[in-house]
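Welcome, and please open your viewer with the chain loaded and a selection tool at hand. We will go from stop to stop, and at each one you will hear what to select and what is there.

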Amino acid sequence: MRPIDYAKALGAAVLALALNLLVTTVVIVVWSAVVEPGHPQAYYNALAPKIGAWSGPPGGALLLFLAAYVLGRRRPDRNAWKFAGVMWLFYALTDVAIALPIVPLAKLLTFQLVLSLLLALAGAALGGVVAARRSRPA
């Protein structure tokens, strides 16, 4: 990979994480307006981490799959596997770096975080595999 590919992987990872957080926020807003309306704000603030725990991990996996697939197909000469792995590494590091000022590392390293990052890795790897297979000449 060229240096620009690392920058693209970082950009894709940050974009995927931002989109995942945005989708999670939308899910929380819809939940508060449609599923359980009428509660005080403190109720929804307490509910937000629980909703994020089940909506965030599959969202991250899907977004990293799409990013690895699209960007892997865009440049067939680039190693799609390596690109997906680097993108996932940037995603994981960014995710942890964002949370560290809020949550101590000992409390951050949970089964939920590990599961979330493993699902994201699986999504990125699968996107890289599919992109590499479809990019081969016939």
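Start with a pocket search: in this predicted model, the largest pocket has a volume of about 760 Å³. To put your camera at its centre, select Leu21, Pro49, Gly52, Ala53 and Asp95, which lie nearest that point among the 22 lining residues. Now colour the chain by element, and the lining can be traced to its sources: α1, α2, α3, α4 (105-108) and α5 (111-135) each give two or more residues to it. Which of them gives the most? That is α2, with six residues. If you are thinking about the chemistry of the lining, switch to colouring by residue class: you will find 13 nonpolar, seven polar and two charged residues around the largest pocket.

Next, select residues 3-35, which make up helix α1. Draw a distance from the first C-alpha of α1 to the last and you should read 47 Å, close to the 48 Å expected for its 33 residues at 1.5 Å a residue. Keep α1 selected and show side chains for Asp5, Ala9, Ala12, Ala13, Ala16, Leu17, Asn20 and Thr24, the buried residues of this helix. A handy thing to remember while you look at their spacing: an α-helix has 3.6 residues a turn, so residues three or four places apart point the same way. What do the buried residues of α1 pack against? Bring up α2 and α3, since these are the helices they pack against.

Stay with Asp5 from that list and add Arg75 to the selection. The two form a salt bridge, with their closest N and O atoms 2.6 Å apart. Zoom out a little to see what is being linked: Arg75 sits in the loop between α2 (41-74) and α3 (80-99), while Asp5 is in helix α1, and the partners are 70 residues apart. Both Arg75 and Asp5 are buried.

Now add Arg78. Asp5 forms a salt bridge with Arg78 too, and here the closest N and O atoms are 2.7 Å apart. Because Asp5 lies in helix α1 and Arg78 in the loop between α2 and α3, this pair ties together parts 73 residues apart in sequence. Like Asp5, Arg78 is buried.

One more residue completes this stop: select Asp77, whose side chain meets that of Arg75 in a salt bridge at 3.2 Å, N to O. Turn on a surface and compare the two ends of this pair. Is each one buried or exposed? Arg75 has a relative accessible area of 17%, which is under the 20% cut-off, so it counts as buried. Asp77, at 61%, is over the 50% cut-off and therefore counts as exposed. Keep all the selected side chains on screen, and you can see that shared partners join Asp5, Arg75, Asp77 and Arg78 into one network. The count for the model comes to three salt bridges.

Finally, clear the selections and step back to the whole chain. In cartoon view there are five helices and zero strands, running α-α-α-α-α from the N terminus on. Along the principal axes, the C-alpha atoms fill a box of roughly 60 × 35 × 25 Å. Colour by accessibility and 36% of the 138 residues count as buried. If you have a contact map handy, look far from the diagonal: of the contacts with a separation of 6 or more, 79% are between residues 24 or more positions apart.

Technical notes
Residues numbered from 1 in each chain as written. Predicted model: local features only at pLDDT ≥ 70, side-chain atom pairs only at ≥ 80, totals over all residues. Heavy atoms only, no water. Salt bridge = Lys/Arg side-chain N within 4 Å of Asp/Glu carboxyl O. Helix = DSSP H or I, 4+ residues; strand = E, 2+ residues; numbered from the N terminus. Buried < 20%, exposed > 50% of the residue type's maximum accessible area, 1.4 Å probe, protein only. 1 Å grid on protein atoms, 1.4 Å probe; cavity = no way out; pocket = protein on both sides within 12 Å on 5 of 7 lines; lining within 4 Å. Points joined across faces, edges and corners; volume = space filled by probe spheres on them. Nonpolar A, V, L, I, M, F, W, Y, C, P; charged D, E, K, R; others polar. Expected span 1.5 Å × (residues − 1). Contact = heavy atoms within 4.5 Å.
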